[in-house]
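Me: Could you take a close look at one part of this model and follow it outward, step by step, into the rest of the chain? I am a first-year student, so please give the cut-off behind each term when you first use it.

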Amino acid sequence: MSDHEIRVALVLNGGVSLAVWMGGVVHELDQLRRASSEAAAPPQPYDQHIFDRWAALCRQGDERKRVIIDVIAGSSAGGANGAMLATAIANGSTMDPTDEVRGPWLRQQWSTLGGLEPGKLLPESGPADSVLDGKYLLEQLEQMLSRLAAGEAAPEHVTLFVTASGLGRQEFSARDAAGQPFDVADHRYLFRFTSEESCRYKDKTFEPATTNELADTLSLARAARSSASFPAAFAPVEETSGLASKPPRLRPTWPHPPSWLVDGGVLDNAPFGPVLDVVARRPVTGRA
């Protein structure tokens with residue numbers, strides 16, 4: 001049986017109300033990629049019929065189509081959902097890590113999180129620094145990512161990009177054609193997490209990864225929380241020193257101490273740039 005790779009580079013844009021909808025998209029894409037592989041985790045009973053149909057479409061005649069999702073980028077709600085899918089891929093897991101709930105796991109998680117119960121996402125009465133409780137969201141994101149990181153099937157290579165927007169003074173020095181210096185403001189932040197052996201970005205080659213960066217669910221949750229910090233709804237997030245290192249922080253490219261971050265969709269709501277940079281340098285062998 002010959003193999004034919006179908007590679008998917010996924011960009012998830014921002015949109016608060018789209019969080020649950022995008023959860024359904026990544027759920028189905030996760031089913032497709034697993035159905036095309038003989039070594040991936042099996043489906044839950046309620047998804048078996050659709051899973052079998054995907055598997056049949058990927059195995060027609062003597063040819064097997066292997067669907068690979070190896071590049072993901074997201075902003076805001078897309079950053080959170082993209083982080084979920086990338087974590088499952090990199091850790092041999094699935095978007096349905098438990099059969100304790102009837103129906104897609106991620107849909108249940110977003111529905112519960114968005115319930116606006118006092119003492120959870122909705123702060124208790126009293127002074128608050130935002131409409132919704134960002135600390136609670138960060139805790140829930142870390143728990144969800146930790147659950148997805150506890151996989152037992154074969155892990156796959158994937159690279160994730162997450163955007164954010166920096167507050168305060170964010171500028172670097174440049175020179176014009178006459179050699180005169182001037183300051184350029186740039187508040188765009190970009191974080192990268194990868195489980196690949198190496199990753200190229202623009203003209204720079206990073207050292208081979210010795211660990212799976214998508215297993216660091218604490219840093220990953222903070223990056224996702226930063227990207228989803230819709231102004232006024234959630235308070236800004238303080239960047240940790242680990243998050244500010246290179247990588248995972250790829251932008252700003254100039255040295256800059258940890259900053260306060262808000263929603264990535266403010267300045268880069270559809271981060272195609274870093275995805276195209278990686279795809280252009282990705283090697284292809286065989287049919288793809």
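Reply: What follows begins with the whole chain, settles on one helix, and then moves outward from there.

This is a predicted model, in which local features need pLDDT of at least 70 and side-chain atom pairs count only at pLDDT 80 or more, while totals for chains, interfaces and linings use all residues. Residues are numbered from 1 along each chain as its sequence is written, and side-chain values use heavy atoms, with hydrogens and water left out.

As a frame for the close look, the secondary structure of the chain comes to eight helices and twelve strands; helices (H or I, at least four residues) and strands (E, at least two) are DSSP runs, numbered from the N terminus. The radius of gyration of the chain is 20 Å, which agrees with the value near 19 Å that a compact globule of 288 residues would have (it is taken over C-alpha atoms, and the globule rule is 2.2 Å times the number of residues to the power 0.38). Along the principal axes, the C-alpha atoms fill a box of roughly 65 × 55 × 30 Å. Of the 288 residues, 49% count as buried, where buried means under 20% relative accessible area, exposed over 50%, and partly exposed in between, using a 1.4 Å probe and protein chains only.

The part to look at closely is helix α2, which covers residues 48-58 and has F51, A55 and C58 as its buried residues. Seen down the axis of α2, these buried residues fall within an arc of 60 degrees, so they line one face of the helix; the arc is that of the directions from the helix axis to the C-beta atoms. On the other side of α2, H49 and R53 are exposed. If you ask what the buried residues of α2 pack against, the answer is α1 (19-35), β2 (59-60) and β3 (63-74), with contact meaning heavy atoms within 4.5 Å.

One of those partners, strand β3, leads the way outward. It holds I68, which is buried, with a relative accessible area of 17%. Leaving aside its neighbours within four places in sequence, I68 is in contact with E5, I6, R7 and V8.

Between β3 and α3 comes a loop, and S76 has its place there. Most residues other than glycine have a negative phi, and most peptide bonds are trans. S76, however, has a positive phi of about 55 degrees although it is not a glycine, and at 5% relative accessibility it counts as buried.

Beyond this loop, helix α3 (residues 77-90) meets helix α6 (residues 217-227): their axes come within 8 Å and cross at roughly 155 degrees. Here axes are lines fitted to C-alpha atoms, for helices over the stretch in contact, and angles run from 0 to 180 degrees between N-to-C directions. That crossing makes α3 roughly antiparallel to α6, since angles under 35 degrees count as roughly parallel, over 145 as roughly antiparallel, 65 to 115 as roughly perpendicular and the rest as oblique. On the α3 side the contact is made by G79, A80, A83 and T87, and on the α6 side by L220, A224 and S227. These residues divide into four nonpolar, three polar and no charged, given that Ala, Val, Leu, Ile, Met, Phe, Trp, Tyr, Cys and Pro count as nonpolar, Asp, Glu, Lys and Arg as charged, and the others, Gly among them, as polar.

Following the chain from α6, the loop between α6 and β10 (237-238) contains A232. Like S76, A232 is not a glycine, and its phi is positive, about 80 degrees. At 60% relative accessibility A232 counts as exposed, whereas S76 counts as buried.

A last helix gives another view of a buried residue: α5 (residues 134-149) contains M144, which has a relative accessible area of 3% and is buried. Its contacts, apart from neighbours within four places in sequence, are M84, W105, L106, Q109 and W110. Across the chain, residues 24 or more positions apart account for 72% of the contacts with a separation of 6 or more.
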